[in-house]
Amino acid sequence: RRVTLTAEELATRGAVSGEQLFFLLQSIPVEQVHKFSEEIGVLFASEVAQPNPHTPTLMCILHLHRKQAALLRPGLVDPGRLRGLVLRPSADLDLRLGAVLALGTPVAGLQIPAEASTVEALEELVSKSPQAVVRAAAAIALLGLTKYTHTAAHLEIQRCLLESTRAENQNALRMIGEELPDMVSDGYLLYLLLCASAAGR
């Protein structure tokens, strides 16, 4: 399958629209993404800096970033830029959540100081974010970075499950079910979602 874009197209944000970039990124086979890692990283930085960034394009890059990490390849986005996006209150919520989960994806070649900074940022979200879904995402990310040894992250996940009747926890429950399927059985998660939905009516 031929990749239908050039490095110049990826690196030059002004050359094409956000929609075009989104479709160009989707045209890259997963096994060939690493060939464009530098250009995609530059694109992410330039897109985030736009007054009105194209959220689907950034979400696509975050998805590719996690896919590369799963293949034990270097990530596409610098952890510092991910942290900046996570801590930007004006950013789209789904985009912030995507960045949080990307931070929790172990990346080949990540330096220990950068990882320590990431852990601190995620711990801050778990302890202080007013949004249940953000706390859940940060807890999931911490578990990924620490190989499921982070006590506060485990406690946050359990709290979310125990407080499942609260309507605000429904999105958090769905995320836990998608990201941590081995920790929550499908039947139990469905039961919790139904209880939360009934309580919200």
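**A helical chain, its core and a loop**

In this predicted model, tyrosine 148 counts as partly exposed, because its relative accessibility of 44% falls between the limits of 20% and 50%. Tyrosine 148 belongs to the loop that links H8 and H9. Its backbone is worth a look too: phi is positive, about 65°, although tyrosine 148 is not a glycine. Most residues other than glycine have a negative phi. Lysine 147, found in that loop between H8 and helix H9 (151-162), also has a positive phi, near 55°, and is likewise a residue other than glycine. Is lysine 147 buried or exposed? With a relative accessible area of 71%, lysine 147 is exposed, since this value is over 50%.

Stepping back to the whole chain, the secondary structure comes to 11 helices and 0 strands. Read from the N terminus, the order of elements is therefore simply α-α-α-α-α-α-α-α-α-α-α. The protein chain has 201 residues, and 47% of them count as buried. Its accessible surface is about 10300 Å², with 54% of that area belonging to carbon and sulfur atoms. Among contacts with a separation of 6 or more, 61% come from residues 24 or more positions apart in the chain.

The interior comes next. In soluble globular proteins, nonpolar side chains tend to be buried together. Here, the largest nonpolar core holds 52 residues, and the members that touch the most others are Leu25, Ile40, Phe44, Leu82, Val100, Leu122 and Ile157. Which helix gives the largest share of this core? That helix is H8 (residues 132-145), with 11 residues. Leucine 82 offers a view of the surroundings of one core member: beyond its neighbours within four places in sequence, leucine 82 is in contact with Phe44, Leu62, His65, Val77, Ala99, Ala102 and Leu103.

H8 itself is largely enclosed by the rest of the structure, because 13 of its 14 residues are buried. The length of H8 also fits expectation: at 1.5 Å a residue, 14 residues should span 20 Å, and the end C-alpha atoms are indeed 20 Å apart. Just after H8 comes lysine 147, with the positive phi of about 55° already described.

Helix H6 (residues 93-103), which includes leucine 97, is mostly covered as well, with 9 of its 11 residues buried. The buried residues are Leu95, Arg96, Leu97, Gly98, Ala99, Val100, Leu101, Ala102 and Leu103. At the N-terminal end, aspartate 92 acts as a cap for H6, placing a side-chain oxygen 3.0 Å from the backbone nitrogen of aspartate 94. Leucine 97 counts as buried because its relative accessibility, 8%, is under 20%. What does leucine 97 contact, leaving aside its neighbours within four places in sequence? The partners are Val133, Val134, Ala137 and Met175. Leucine 97 can also be compared with leucine 85, which is 12 residues away along the chain: their C-alpha atoms are separated by 9.6 Å.

Finally, the cysteines deserve a mention. Cysteine 160 is buried, with a relative accessible area of 4%, and cysteine 60 counts as buried at 10% relative accessibility. Both values are under 20%, so both residues meet the limit for burial. A search of the whole structure for disulfides finds 0.

Note on methods: Residues numbered from 1 in each chain as written. Predicted model: local features only at pLDDT ≥ 70, side-chain atom pairs only at ≥ 80, totals over all residues. Heavy atoms only, no water. Core = buried A, V, L, I, M, F, W, Y, C linked by side-chain atoms within 4.5 Å. Buried < 20%, exposed > 50% of the residue type's maximum accessible area, 1.4 Å probe, protein only. Helix = DSSP H or I, 4+ residues; strand = E, 2+ residues; numbered from the N terminus. Contact = heavy atoms within 4.5 Å. Disulfide = S-S within 2.5 Å. Expected span 1.5 Å × (residues − 1). Polar contact = N/O pair within 3.5 Å; in protein donor to acceptor, adjacent residues only side chain to side chain. Areas by Shrake-Rupley, 256 points an atom, 1.4 Å probe, with all protein chains shown as cover.
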